[in-house]
Amino acid sequence: MMNYEYDYIIAGGGCAGLSLLYHLLNERKLAQKKILVIDKAIKNANDRTWCFWTDQSTLFDDIVYKEWKNIAIHTEKSSTVYPLTNYSYKVIRGIDFYDKVQQKAKLFPNIVFCQASIIDIVENNTKITVQTTVGNFEADYVFHSLFQPQAYSPQATDYRYLLQHFKGWKIKTPKPVFDTQTITMFDFRLPQCQEVRFIYTLPYQADEALVEFTVFGKEVLPIANYDHILKKYIQEQLNIVDFEIEEEEFGIIPMTDFQFLKRKGNRLCYIGTQGGASKPTTGYTFLNIQVESSLIVNELVSSGQPFYQAPFQRHFLLYDQLMLEIMQKNGGSIKDIFEILFKNNPIERVLKFLNNQTHFGEDLAVMWSVPSLPFLKALWKQVTK
Ligand SMILES: Cc1cc2nc3c(=O)[nH]c(=O)nc-3n(C[C@H](O)[C@H](O)[C@H](O)COP(=O)(O)OP(=O)(O)OC[C@H]3O[C@@H](n4cnc5c(N)ncnc54)[C@H](O)[C@@H]3O)c2cc1C
């Protein structure tokens with residue numbers, strides 16, 4: 001059994017683990033630390049894409065695969081394209097992200113990658129040990145992002161808890177059919193089945209797009225249902241009969257107001273989805289992970305330990321709780337709420353709101369713009385709990 005010592009062990013080298021590594025390597029005062037990254041997967045496949053909207057730069061701007069300046073929302077009543085001014089909607093491919101971080105890490109002999117399954121993480125007085133299928137490793141701090149959606153279920157009575165589950169096909173068509181300037185953020189023109197159901201489309205080229213069927217609901221569907229709905233949408237709504245599936249992606253993201261722990265004991269720091277970085281009502285996580293990484297790095301520089309004080313934004317938690325309550329009780333109504341939300345506000349105010357970046361006056365304007373009854377009912381439930 002091995003027993004090597006490191007300053008930090010990054011347990012899970014996915015988005016959060018590798019983002020943290022990249023941020024650490026960019027900080028001169030920490031770049032020489034001995035760091036071990038453990039993941040059961042090699043991370044050499046395009047296993048997912050990360051989208052986000054922002055008016056700021058990130059450390060990963062050079063690998064943005066494509067960005068758009070128009071967002072379309074479709075419902076049975078209307079189809080509207082909203083142009084963006086300051087914000088851009090961007091996509092990063094998983095494979096480009098993994099490559100970029102691995103290439104950077106190769107320049108540092110103090111960084112070690114290990115492919116193994118993590119079995120347990122145990123803290124004692126002086127160290128923390130990660131037990132894996134290839135042996136045990138010790139460090140001063142461990143960063144843990146091993147979230148397992150299927151194994152996780154908070155008490156339904158204490159928290160709202162839904163799953164965002166989706167399947168996407170990257171399709172290629174023989175002829176140019178897609179408008180490459182405009183993403184479809186929500187196409188609600190499909191039966192809602194008491195849930196929130198929509199199609200999301202990223203047109204990479206005029207003859208190539210990621211088309212994704214997404215549900216905010218209680219349970220994952222049989223895989224054939226996603227395929228059936230995707231095929232029907234592509235054929236009947238997009239009028240594309242002839243197409244080839246180049247890649248597939250499937251994902252589950254928790255949507256909950258459960259307050260994920262940021263730490264356990266004195267040496268274990270939770271990051272990524274496991275550390276509560278996914279926005280409860282949208283599932284968007286990538287940008288939150290970048291903020292989290294830079295907060296951890298700042299804390300390590302200033303105090304030598306990683307446990308930063310997260311700014312607690314009670315009002316954003318309350319908005320998420322109200323929206324989750326409505327999604328849980330009457331998911332079918334969300335398409336109408338979203339349609340009005342986008343219609344009655346400047347698009348960038350909505351995007352800012354969904355990124356938890358609005359100030360109170362803007363929050364009021366957003367709240368005021370949507371049908372008040374479902375929100376008042378949800379608020380009443382929250383207040384009387
Ligand atoms: C398909 C998909 C698409 C998404 N798209 C977006 C998007 O467009 N925008 C956005 O903001 N968010 C998106 N998300 C949400 C979120 O950004 C991602 O889930 C992101 O990858 C979360 O980062 P993470 O590091 O917490 O988890 P992961 O990236 O999943 O990393 C966890 C790592 O831990 C490893 N691991 C797990 N268990 C073990 C074990 N026992 N031993 C060793 N290794 C282990 C896994 O192999 C994995 O590499 C998406 C999620 C999915 C699933």
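Welcome! Start by colouring two regions: domain 1 (3-68 + 87-152 + 257-303) and domain 3 (314-383), each of which gives at least three residues to the lining of the second largest pocket. Keep in mind as you look around that this is a predicted model.

**Stop 1: the pocket**

Now turn to the space itself. The second largest pocket has a volume of about 1300 Å³. To find its middle, select Lys262, Gly276, Asn288, Gln313 and Asn356, which are the closest to the centre among the 49 residues that line this pocket.

Which elements should you show as cartoon around the second largest pocket, each supplying at least two residues of its lining? Pick strand 3 (49-54), strand 16 (244-256), strand 18 (268-270), helix 4 (286-303) and helix 5 (314-330). Give helix 4 its own colour, as the largest share of the lining, 7 residues, comes from there.

Next, try colouring the lining of the second largest pocket by residue type. You will find 25 nonpolar, 18 polar and 6 charged residues.

**Stop 2: a cluster of rings**

Leave the pocket and show the aromatic side chains. The structure holds 33 aromatic pairs. One of them joins phenylalanine 97 and tyrosine 98: the ring centres are 5.9 Å apart, and the planes meet at 70°, an edge-to-face arrangement.

Are these two residues buried or exposed? Phenylalanine 97 is buried, because its relative accessibility of 0% is under the 20% cut-off. Tyrosine 98, with a relative accessible area of 1%, is buried as well.

Widen your selection to Tyr22, Trp50, Phe52, Phe60, Phe97, Tyr98 and Phe286, and you have a cluster linked by ring pairs. While you have Tyr22 on screen, add lysine 104: its charged end sits over the ring of tyrosine 22, 5.1 Å from the ring centre.

**Stop 3: a pair across the chain**

Select phenylalanine 188 and phenylalanine 198. Why is this pair called edge-to-face? The centres of the two rings are 5.9 Å apart and their planes stand at 70°, which is over the 60 degrees needed, so the pair counts as edge-to-face.

Now trace the backbone between the two. Phenylalanine 188 is in the loop between strand 13 (182-187) and strand 14 (196-205), while phenylalanine 198 is in strand 14; the pair links distant parts of the chain, 10 residues apart. Both phenylalanine 188 and phenylalanine 198 are buried.

**Stop 4: a charge over a ring**

For your last selection, choose arginine 263 and phenylalanine 307. Here the charged end of arginine 263 sits over the ring of phenylalanine 307, at 3.9 Å from the ring centre.

Conventions:
Residues are numbered from 1 along each chain as its sequence is written. This is a predicted model: local features need pLDDT of at least 70, side-chain atom pairs count only at pLDDT 80 or more; totals for chains, interfaces and linings use all residues. Side-chain values use heavy atoms; hydrogens and water are left out. Rings of Phe, Tyr and Trp (its six-membered ring) pair if their centres lie within 6.5 Å; planes under 30 degrees apart count as stacked, over 60 as edge-to-face and the rest as tilted. Buried means under 20% relative accessible area, exposed over 50%, partly exposed in between (1.4 Å probe, protein chains only). Helices (H or I, at least four residues) and strands (E, at least two) are DSSP runs, numbered from the N terminus. A charge sits over a ring if NZ of Lys or CZ of Arg is within 6 Å of the ring centre and within 35 degrees of the ring normal. On a 1 Å grid over the protein atoms alone, a cavity is a set of points where a 1.4 Å probe fits but cannot get out, and a pocket is an open set with protein on both sides within 12 Å along at least five of seven lines; lining residues have an atom within 4 Å of a point. Grid points are joined across faces, edges and corners, and a volume is the space filled by probe spheres set on the points. Ala, Val, Leu, Ile, Met, Phe, Trp, Tyr, Cys and Pro count as nonpolar, Asp, Glu, Lys and Arg as charged, and the others, Gly among them, as polar. Domain bounds come from an automatic or database domain assignment.
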